[in-house]
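Biologist: I'm new to reading protein models. Could you walk me through this one, a step at a time?

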Amino acid sequence: MQSKNPIRPQEKSAVVYTSKAMCRDCYRCVRVCPVNAIKMEGGQAQVIADQCIACGTCIAECPQHAKAYRTDYGKVLAMLEAGDDLAVSLAPSFAACYTPWEQKRFPSALRSLGFSYVGETAIGAWHTAEASLQWMQARPGMDHICTACPAVVSYISQYVPEFAPNLVPVVSPMLAHARMLKQGQPKRKVVFVGPCVAKKAEATAGNNEVFIDAVLTFEELDELLKIKQISLQNCEESGFDEDAGANARLFALEGGLLKTAGLNTDLLDVNTIAVSGFDEIREALNGLAEKKEQQNGNSKWIIEPLFCKHGCINGPSVRHKQSLYSRRNMVLQFAASKPGANMMHEQLFDRLNAHYPPLANKQRQLFSDSQIQEVLQLTGKHKTEDELNCMACGFSSCRDKAIAVLHGIAEPEMCMPYMRRLAEKKFDLMIDHDPN
């Protein structure tokens with residue numbers, strides 16, 4: 001498969017970046033970025049690295065494929081060629097990207113690449129669910145937000161830090177599995193493979209690099225197989241080196257953590273809520289805030305949020321060969337085909353604990369109405385009725401766009417109706433002065 005994201009070295013801090021040659025002034029990324037981390041400069045859309053939560057929305061939505069992510073492609077290839085002791089942790093969503101006959105041959109293909117251990121991240125997912133359950137059961141008087149999704153954790157920590165105390169302080173399945181794989185084998189190198197761009201940011205946060213040596217997307221893994229001329233058709237059927245716990249392979253779907261932890265996954269349950277997609281997550285947090293204001297102590301919520309709509313099966317690097325619900329069914333069928341290991345219930349929280357402190361709130365500077373009006377007038381908006389709010393610029397209203405101009409992340413020329421009127425005036429002027 002030809003990757004939409006060209007393989008090239010990027011600086012560690014820039015998880016998501018723009019290919020300037022491909023950016024075509026469409027403002028789609030400005031429109032879809034949930035945290036307004038896109039800056040227009042000279043007609044080019046640039047990602048603001050310190051505001052980006054690496055959710056990958058702009059990558060998935062860019063019609064020109066001008067947005068790409070930093071890759072670990074070269075690093076993994078070098079480790080493979082050096083013959084390092086390599087372990088691979090494969091995300092549960094892989095079942096949504098590969099057909100049943102490919103799934104059976106995938107472990108063999110990974111071993112052919114040079115991985116000495118081939119395992120499922122679902123092993124870590126079971127432990128994450130168990131540790132989360134232990135934390136929540138010990139604190140029944142709190143509202144809890146599960147932390148398997150790094151994009152959600154980053155969003156809450158940076159943009160709504162008032163909810164940071166509600167984050168369950170447990171590592172993600174990727175880190176849980178990596179800690180297990182590194183235990184007693186510090187020289188072993190761990191590579192995570194999944195559909196998620198935010199995992200690349202998570203792997204380099206804090207001291208996580210001690211446990212995760214590289215993060216690949218499914219696109220990058222396909223490229224590696226292609227480079228090494230490994231075809232799934234030529235691989236024999238085989239299994240993974242370890243079996244995951246029951247239901248842990250459902251983590252890629254809404255409610256997967258809740259079900260693995262043995263919690264209620266009834267859609268109408270008053271205490272447990274599984275949400276996916278930024279808009280739904282924001283609404284759930286608004287509901288939590290309202291509940292706190294009303295001091296409703298009788299109902300404590302457990303929220304399981306996944307940033308990508310419908311879960312990891314719809315991640316920015318998922319191969320979209322099948323429809324969304326076909327992918328969902330593939331995950332369900334794969335999980336049903338595996339009975340699951342009988343996992344030992346033990347005290348896990350102390351070994352899988354994490355720290356998610358609230359960071360500086362990203363609230364931007366406030367501007368006066370006169371400052372905003374001054375910017376609006378630059379594009380011919382002298383009266384309220386001149387504000388069309390057409391969203392062609394990527395912002396929800398003319399006023400929001402004017403505020404973005406004041407923040408230095410938008411340009412006045414982004415107003416399409418204004419630029420059209422300007423072009424028409426120039427054309428009329430040319431006609432008036434052209435003797436022909």
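Modeller: Sure, and let's start with a term we'll need: a disulfide is a pair of cysteine sulfur atoms within 2.5 Å. Keep in mind that this is a predicted model.

Biologist: Okay, how far is the sulfur of Cys196 from the closest cysteine sulfur, and is that close enough or too far for a bond?

Modeller: The closest cysteine sulfur to that of Cys196 sits in Cys149. A disulfide needs the two sulfur atoms within 2.5 Å. This pair is too far apart for a bond, because the distance is 6.1 Å.

Biologist: What about Cys393, which cysteine has the closest sulfur there?

Modeller: Cys393 is buried, with a relative accessibility of 9%. Its sulfur is 6.3 Å from the closest cysteine sulfur, so that pair is too far apart for a bond as well. The partner you asked about is Cys390.

Biologist: So how many disulfides does the structure hold?

Modeller: We've seen Cys196 come out too far from its closest cysteine sulfur, and Cys393 too. The count for the structure is 0.

Biologist: Let's move to helix α7. How many of its residues are buried?

Modeller: Helix α7 covers residues 150-159. Its buried residues include Pro150, Val153, Tyr155 and Gln158. The helix is largely enclosed by the rest of the structure, because the buried count is 10 of the 10.

Biologist: And what covers those buried residues of α7?

Modeller: Part of the cover comes from strands, including β7 (144-145) and β11 (302-306). Helices take part as well, among them α9 (198-203) and α12 (278-293).

Biologist: Which helix gives the most to the largest nonpolar core?

Modeller: That core has 98 residues, and Tyr155, Ile156, Ile212, Leu285 and Phe307 touch the most other members. With 9 residues, the helix that gives the most to this core is α6 (residues 122-138).

Biologist: Leu285 is on that list, so which residues is Leu285 in contact with, leaving aside its neighbours within four places in sequence?

Modeller: Two of its contacts, Tyr155 and Ile156, are also named among the core members that touch the most others. Leaving aside neighbours within four places in sequence, the full set for Leu285 is Ile145, Tyr155, Ile156, Val160 and Phe163.

Biologist: Now Thr260: is that residue buried or exposed?

Modeller: Thr260 is found in helix α11 (residues 256-260). Leaving aside its neighbours within four places in sequence, its contacts include Trp126, Asn247 and Phe251. A polar atom of its side chain also lies 2.7 Å from the backbone oxygen of Gly256. Its relative accessible area is 10%, and under 20% counts as buried, so Thr260 is buried.

Biologist: What are the phi values of Asp25 and Gln229?

Modeller: Asp25 lies in the loop between β1 (16-18) and α1 (28-32) and is partly exposed, at 38% relative accessible area. Gln229 lies in the loop between α10 (218-227) and α11 and counts as exposed, at 73%. Neither is a glycine, yet phi is positive in both: near 60° for Asp25 and about 55° for Gln229.

Biologist: Last one: in the hairpin of β2 and β3, which residue takes a positive phi near 60°?

Modeller: Strands β2 (residues 38-41) and β3 (residues 44-47) run antiparallel and are joined by 4 bridges. Glu41 has Gln44 as its bridge partner in β3. The hairpin has 2 residues between the strands, and the one with the positive phi is Gly42.

Definitions and conventions
Residues are numbered from 1 along each chain as its sequence is written. This is a predicted model: local features need pLDDT of at least 70, side-chain atom pairs count only at pLDDT 80 or more; totals for chains, interfaces and linings use all residues. Side-chain values use heavy atoms; hydrogens and water are left out. Buried means under 20% relative accessible area, exposed over 50%, partly exposed in between (1.4 Å probe, protein chains only). Contact means heavy atoms within 4.5 Å. A polar contact is a pair of N or O atoms within 3.5 Å; within protein, one must be able to donate a hydrogen and the other to accept it, and residues adjacent in sequence count only if both atoms are side-chain atoms. A nonpolar core is a set of buried Ala, Val, Leu, Ile, Met, Phe, Trp, Tyr and Cys residues joined through side-chain atoms within 4.5 Å. Two strands pair if DSSP finds at least two bridges between them.
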